[in-house]
Amino acid sequence: MGLSKGARKVLKVLARRGASEVLWALGKGAARFSDLEAVLRLSPRTLAERLRELHLMGFVDRRAYAEVPPRVEYNLTPRGKRVLEFLMELDRVVETLEEVR
């Protein structure tokens with residue numbers, strides 16, 4: 001049986017460097033690219049790739065404001081919040097397993 005193609009695709013993206021950290025950071029609220037870069041200590045290229053992938057999967061919303069200088073904010077979508085909840089639950093399960101050892 002195994003996982004569906006969609007589930008495998010999501011897990012593949014979440015396993016990439018910085019993906020889960022971006023979701024954790026955005027779980028605290030909207031953030032700009034530079035804010036995420038400072039907190040996560042990812043290279044600009046890696047952060048941009050993760051944000052793009054998470055946006056294409058519908059986990060992150062990107063909102064550009066027509067201002068000078070330009071302002072872009074990133075938020076979790078409801079789908080992204082569900083994925084973050086899944087990751088938090090996975091973390092709790094792993095902690096429980098480690099306590100048993």
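**Exercise 1. In this predicted model, determine where the salt bridge of Glu49 with Arg45 lies, and classify the accessibility of both residues.**

Solution. Begin with the contact itself: Glu49 forms a salt bridge with Arg45, and their closest N and O atoms are 3.2 Å apart, which falls inside the limit of 4 Å between a side-chain nitrogen of Lys or Arg and a carboxyl oxygen of Asp or Glu. Next, place the pair: both Glu49 and Arg45 belong to helix H4, where they are 4 residues apart, or about one turn of the helix. Finally, turn to accessibility, for which partly exposed covers the range between 20% and 50%: Glu49, at 24% relative accessibility, is partly exposed, whereas Arg45, with a relative accessible area of 64%, is exposed.

**Exercise 2. Explain which parts of the chain are tied together by the salt bridge between Glu53 and Arg16.**

Solution. The closest N and O atoms of Glu53 and Arg16 are 2.3 Å apart, and the two residues form a salt bridge. Because Glu53 lies in helix H4 (residues 44-56) and Arg16 in the loop between helix H1 (5-14) and H2, the pair ties together parts that are 37 residues apart in sequence. Arg16 is partly exposed, its relative accessible area being 38%.

**Exercise 3. Locate the salt bridge of Arg92 with Glu89, and then name the residues that salt bridges with shared partners join into one network.**

Solution. Arg92 and Glu89 form a salt bridge in which the closest N and O atoms are 3.0 Å apart, and both residues lie in helix H5, separated by 3 residues, about one turn of the helix. The network consists of Arg16, Arg45, Glu49, Arg50 and Glu53, which are joined by salt bridges that share partners.

**Exercise 4. Decide whether helix H2 is largely enclosed or largely open.**

Solution. Helix H2 spans residues 19-26, and 6 of its 8 residues are buried, so this helix is largely enclosed by the rest of the structure. The buried residues in H2 are Ala19, Ser20, Val22, Leu23, Ala25 and Leu26.

**Exercise 5. Describe the nonpolar and negative surface patches, and identify the helix that gives the most to the nonpolar one.**

Solution. The nonpolar patch is formed by Leu3, Leu11, Phe86, Leu90 and Val94, which together have about 430 Å² of accessible area. Helix H5 (residues 78-100) gives the most to this patch, with 3 residues; Leu90 is found in this helix and is partly exposed at 42% relative accessibility. The negative patch is made up of Asp91, Glu95, Glu98 and Glu99; Glu99 is found in helix H5 and is exposed, with a relative accessible area of 64%.

Terms used. Residues are numbered from 1 along each chain as its sequence is written. This is a predicted model: local features need pLDDT of at least 70, side-chain atom pairs count only at pLDDT 80 or more; totals for chains, interfaces and linings use all residues. Side-chain values use heavy atoms; hydrogens and water are left out. Patches are made of residues with over 30% relative accessible area and no salt bridge: like charges are joined within 9 Å, nonpolar side chains (Val, Leu, Ile, Met, Phe, Trp, Tyr) within 5 Å. Accessible areas come from the Shrake-Rupley method with a 1.4 Å probe; for residues, only the protein chains shown count as cover. Helices (H or I, at least four residues) and strands (E, at least two) are DSSP runs, numbered from the N terminus. Buried means under 20% relative accessible area, exposed over 50%, partly exposed in between (1.4 Å probe, protein chains only). Lys and Arg count as positive and Asp and Glu as negative; His and the chain ends are not counted. The place of a charge is taken as NZ of Lys, CZ of Arg, CG of Asp or CD of Glu.
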